[in-house]
Amino acid sequence: MDESNAIVIFGASGDLTRRKLMPSLYDLYRKGRLPKNWRIVGVSRTDFSDEAFQAHVEAGVKEFARSMYDARQWAEFAANLCYFRGDLTHFEQLQGVDRMLCEWEDGRQGNRLYYLSIAPNLYEQAIANLGAADMVHQDHGWRRVVIEKPFGQDLASARALNQAVHRVLDESQIYRIDHYLGKETVQNLLVFRFANSLYEPVWNRNYIDHVQITAAETVDVGHRAEFYDKVGVVRDMMQNHVMQLLALVATEPPTSFAAEAIRNEKAKVFQSIRPIRPENVAGCTVRGQYRTYRDTPGVAPGSTTPTYAAIRYYIDNWRWQGVPFYMRSGKALAAKSTEITIFFKRPPHVMFPMPEGAQLAPNYLSICIQPDEGIEFSFQAKVPDTVAEMRTVDMSFQYEQSFGAMAIPEAYERLLLDVIKGDPSLFTRSDAIELSWQLIDPILEAWQSKHAPPLSFYESGTWGPVEANELIAHDGYHWTHGCGQEGEA
Ligand SMILES: NC(=O)c1ccc[n+]([C@@H]2O[C@H](COP(=O)([O-])OP(=O)(O)OC[C@H]3O[C@@H](n4cnc5c(N)ncnc54)[C@H](OP(=O)(O)O)[C@@H]3O)[C@@H](O)[C@H]2O)c1
């Protein structure tokens with residue numbers, strides 16, 4: 001039977017749709033990757049005609065799509081783009097969307113992707129109403145629902161949301177998005193580890209000394225202050241993006257590239273991470289705030305919301321016992337950089353003459369997620385024309401050099417295509433979401449208790465509070481940033 005493929009975006013007038021979803025769909029169209037008989041339906045309350053909506057999307061595509069704007073191809077794309085003015089809190093209005101889709105599907109096998117690009121407090125109602133409007137049964141084609149981040153504010157709310165979602169949808173219909181997982185560099189982590197024979201034998205406590213994961217932003221909270229003040233860096237960045245990176249670094253080899261095999265192994269990592277007890281939270285975490293944060297309109301007076309956090313975790317399994325994992329993330333920092341650095345142990349014996357008290361620098365592998373996507377391996381080399389003087393040098397892989405400047409697609413392109421194909425590998429399963437909240441919750445709770453470390457302040461444009469340096473220096477290390485550049489100013 002002939003089939004049709006509808007992509008229904010709830011929140012069609014919003015920022016994410018304009019900046020990411022529509023430009024990604026346009027790029028997919030230009031690459032010929034959208035399925036046959038496709039159509040995009042935008043739904044929100046703003047009063048757009050189809051033409052006004054198309055013009056709104058066109059401006060976003062011109063600004064944000066990776067591919068060059070092409071008037072002819074845009075016209076072809078726009079011909080499949082329509083708008084439905086509706087409020088998803090009223091299920092009768094969703095029935096209107098359903099009627100519109102049924103008419104277009106015209107008895108074909110009607111596959112539908114519903115993208116919830118709406119505020120998190122609307123997820124539950126939106127899904128309940130999709131159910132009430134009888135729009136999620138799969139008798140005549142698949143029905144898949146993409147849920148944006150954040151998924152919950154803590155374990156209790158994430159659990160409640162999972163339960164509410166499962167009342168209407170089967171887990172196989174749910175795609176909880178974390179766009180970090182759609183980044184090429186993040187996907188490459190599994191290839192790097194498991195498609196090369198060199199690294200896996202040393203990817204364990206016998207050779208790896210410690211791991212650092214940094215997700216640093218230069219931007220401050222800006223116009224998102226009111227939202228951000230209720231959330232903070234741990235909920236905004238750590239619970240989702242940074243924890244996902246940790247899981248990919250630490251996972252055991254999945255038995256196959258199948259979604260469930262990968263998701264099972266990631267869940268096991270979360271199960272193995274040692275929870276931080278309240279009485280230990282001051283020794284294992286740092287919470288910071290940039291100095292001018294409280295002056296931002298929308299931030300509560302005297303707010304203690306952290307804009308910076310550093311956390312040390314241990315993973316209690318055979319592979320990682322005793323290896324510290326340091327994670328940090330913050331706003332208004334010195335550089336925009338997301339990277340994972342794996343530090344290897346120093347050689348057990350040094351036969352080269354070295355100054356008294358000096359140590360060999362460790363080998364380390366920097367996996368740059370963004371912005372300079374690539375991988376660098378730093379090792380010791382002999383300085384020419386010396387007896388045995390050594391210096392750290394790099395072997396470097398840059399995506400841009402190897403695959404071309406335009407090689408890296410927008411993460412949403414890959415993720416949207418995966419939903420259409422029904423591949424949930426890069427989406428978070430319900431148990432993994434709850435497990436990561438289970439680890440993050442005790443920290444957030446302890447930060448509200450007598451065990452809380454003091455809130456540390458830092459200047460914008462620096463690498464965060466000195467206490468974060470002390471956290472890692474206490475174990476004999478220092479933070480690194482920037483592939484190939486050791487140490488921080
Ligand atoms: N923006 C980003 O870069 C980004 C990044 C990661 C995750 N996210 C997540 O993506 C989601 C959307 O974010 P956003 O930044 O695009 O938010 P936004 O700009 O505020 O857009 C929200 C959308 O929801 C629509 N909406 C609100 N109430 C509605 C209702 N009752 N019925 C139908 N539509 C309704 C709004 O349109 P009307 O007012 O016209 O109804 C608007 O189109 C959020 O969950 C956010 O956390 C966003």
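Helices (H or I, at least four residues) and strands (E, at least two) are taken here as DSSP runs, numbered from the N terminus. The model is predicted, and local features need pLDDT of at least 70, side-chain atom pairs count only at pLDDT 80 or more, while totals for chains, interfaces and linings use all residues. Residues are numbered from 1 along each chain as its sequence is written, and side-chain values use heavy atoms, with hydrogens and water left out.

A good place to start is the backbone. Pro-371 sits in the loop that links strand S12 (364–370) to S13, and the peptide bond leading to Pro-371 from Gln-370 is cis, with omega near 0°. A cis peptide bond also joins Lys-149 and Pro-150, with omega about 5°; Pro-150 belongs to the loop between strand S5 (143–147) and helix H6 (155–168). Asp-106, in the loop between helix H4 (91–105) and strand S4 (109–116), has a positive phi near 50° although this residue is not glycine. For context, most residues other than glycine have a negative phi, and most peptide bonds are trans.

On the scale of the whole protein, an automatic or database domain assignment gives domain 1 (3–148) and domain 2 (181–408 + 429–473). The centres of domain 1 and domain 2, taken over C-alpha atoms, are 35 Å apart.

The ligand comes next. It is surrounded by 22 residues, a residue being counted if one of its heavy atoms lies within 4 Å; the closest are Asp-15, Arg-19, Arg-45, Thr-46 and Ile-118. Helix H1 (residues 15–30) gives the most to this shell, with three residues. By class, the shell holds eight nonpolar, eight polar and six charged residues, where Ala, Val, Leu, Ile, Met, Phe, Trp, Tyr, Cys and Pro count as nonpolar, Asp, Glu, Lys and Arg as charged, and the others, Gly among them, as polar. A polar side-chain atom of Asp-15 is 2.7 Å from a nitrogen atom of the ligand, and a backbone N or O atom of Leu-88 is 3.0 Å from a nitrogen atom of the ligand. On the oxygen side, a polar backbone atom of Gly-11 lies 3.2 Å from an oxygen atom of the ligand. The protein buries 76% of the 880 Å² that the ligand exposes when taken alone, with accessible areas from the Shrake-Rupley method and a 1.4 Å probe.

Empty space was then mapped on a 1 Å grid over the protein atoms alone: a cavity is a set of points where a 1.4 Å probe fits but cannot get out, a pocket is an open set with protein on both sides within 12 Å along at least five of seven lines, and lining residues have an atom within 4 Å of a point. Grid points are joined across faces, edges and corners, and a volume is the space filled by probe spheres set on the points.

The second largest pocket holds about 420 Å³. Its lining has 22 residues, with Tyr-199, Val-202, Phe-344, Asn-363 and Phe-377 nearest the centre. S13 contributes the most to this lining, with five residues, and the lining comprises 16 nonpolar, four polar and two charged residues.

Three cavities of 30 Å³ or more were counted. The largest cavity holds about 110 Å³, and the closest to its centre among 14 lining residues are Lys-149, Phe-151, Ile-177, Asn-240 and Ile-433. Helix H9 (232–250) and helix H14 (430–446) each supply at least two residues of that lining. The second largest cavity holds about 40 Å³, and helix H10 (residues 259–272) gives the most to its lining, with three residues.

How values were computed: Polar contact = N/O pair within 3.5 Å; in protein donor to acceptor, adjacent residues only side chain to side chain.
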